[in-house]
Amino acid sequence: MSIAAEKVQRASGPAPRSRRRRWRSWLPAGAFAAWACVRVFGLEHGSFPTQLMTLTPYALAAGVVTTVVLAVRRRPAAVLALAACVALAATVLPRAFAEPLTVRGPALKVLSINLFSRADAQAVVTLVKEFDPDVFSALELGPETVRRLDEAGLDTLMPHRVLQAERGASGSGLFAKHPLTELKGLFTPIGHNMPAATVTLPSGVKAQVVAVHPNPPLGSMAAEWYASLAALPAPSPDVVRVLAGDFNASLDHRAMRDLLGKGYIDAAEAVGKGLTPTWPHGRLLPPLITIDHVLADRRVGVARVEVRDVPRTDHRAVFAELRLP
């Protein structure tokens, strides 16, 4: 190529191939930046973006890899990707660090399992024997499931109960080893049955527990899911209130953060286990997202959280040992 031809090519700008490479570099960086903006400012709206937010921890991991790759060849794009990673890290990483336990009052132990209407009853009762919960929040609880649980020995371990059992996904219930008093009119459930009750501990201390299970934000149910989480009761200044169940929501959802903003803490996050996935269990892939939670009044301390597999259900069990003020 002659010197004159080279000058003409330089004057005309980068070659098409070079421009394409630049666009390919900016596209992933821009995608991670957009994800970070949606997550940080709670901009998700509609079914698909709402579901996508549950994968935010994985977006952070992918963003870090992308930043490293871009830093080799496209540093301006790498800077944008790095900024997105920093923003995502600020929202995700605190869940991996435990907070100091400052409340050491009476214990309230809560177990929550979405039973999927067919969970292994003997395995569930084995967990109850191991953890010795005061209250067991059971989701997707049908009459036949209640019968199998009692045959496995739950009726002896947890004789007190407030049940709204139904066939399919709608049924829910609260089991306890201490007296339960049903709470009516506490809130208006939207979606599945969500019974609420007051448990009276042997010390005389009372606490309120709600079995939570909104419909998932799939398709046209997304608006109902938002409304369902918004309808859950706020903490009470008079009694400790606990929400336990399958929220079909992660801490990366604005609706979930709005609920926490009413005055709750996520028990798993408080002990540094907020990134432990709970669904789907028993599939080809391991559990990927964290949608089962125990939320408690901020006045409560969290001493321990355990997440366990349960055969024949697609959700993992969540156990939390709380310390009441």
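How much of the chain over residues 26-43 is helix, how much is strand, and how far apart are the end C-alpha atoms? Let me start there, and hello everyone. That stretch is 89% helix and 0% strand, with 22 Å between its end C-alpha atoms. Please keep in mind that this is a predicted model.

I picked that stretch for a reason you can find in the UniProt record. The unreviewed entry there places the feature "transmembrane region" at residues 26-43, 55-72 and 79-97. The span 55-72 comes out at 94% helix and 0% strand in the model, and its end C-alpha atoms are 27 Å apart.

Now a residue in this part of the chain: V86. It sits in helix α5, which covers residues 75-92. Is V86 buried or exposed? It is exposed, with a relative accessible area of 52%. V86 and V64 are 22 residues apart along the chain, and their C-alpha atoms are separated by 9.3 Å.

Since we are a bench crowd, let's talk cysteines. How many disulfides does the model have? The count is zero, taking a disulfide as two cysteine sulfurs within 2.5 Å. For C37, the nearest cysteine sulfur belongs to C85, and that is 13 Å away, so C37 is in no disulfide by that cut-off. C85 is likewise in no disulfide, its nearest cysteine sulfur being that of C37 at 13 Å. As for their surroundings, C37 is partly exposed at 39% relative accessible area, while C85 counts as buried at 7%.

Let's move along to helix α7, residues 143-151. Its buried residues are T145, V146, L149 and D150. If you look down the axis of α7, those buried residues fall within an arc of 135°, so they line one face of the helix. What do they pack against? The partners are α6 (121-131), α8 (154-157), β3 (160-164) and β4 (172-176). Just after α7 comes G153, which takes a positive phi of about 115°.

And now the sheet. Six strands make an open sheet with mixed pairing, in the order β5-β6-β7-β8-β10-β9. Which strands stand at the edges? They are β5 (180-182) and β9 (264-266), each with a single partner strand, so one side of each has no neighbour in the sheet. On average, neighbouring strands of this sheet are turned by 25° against each other, direction ignored.

I'd like to spend my last minute on β6. Four of its five residues are buried, so β6 is largely enclosed by the rest of the structure. On one side, β5 and β6 run antiparallel and are joined by three bridges. Here E182 has A197 of β6 as its bridge partner. A197 also stands opposite V209 in β7. Five bridges join β6 (residues 196-200) to β7 (residues 206-212), and this pair is antiparallel too. Further along that pairing, T200 stands opposite K206 in β7.

How many residues lie between β6 and β7 in their hairpin? There are five, and G204 in that turn has a positive phi of about 95°. One general point to carry with you when you look at the strands: side chains in a regular strand alternate between the two faces of the sheet.

That's my tour, thanks for listening!

Conventions: Residues numbered from 1 in each chain as written. Predicted model: local features only at pLDDT ≥ 70, side-chain atom pairs only at ≥ 80, totals over all residues. Heavy atoms only, no water. Buried < 20%, exposed > 50% of the residue type's maximum accessible area, 1.4 Å probe, protein only. Pairing = 2+ DSSP bridges. Helix = DSSP H or I, 4+ residues; strand = E, 2+ residues; numbered from the N terminus. Axes fitted to C-alpha atoms, helices over the stretch in contact; angles between N-to-C directions. UniProt positions renumbered as here; feature names shortened; annotations may be inferred. Arc of directions from axis to C-beta. Contact = heavy atoms within 4.5 Å.
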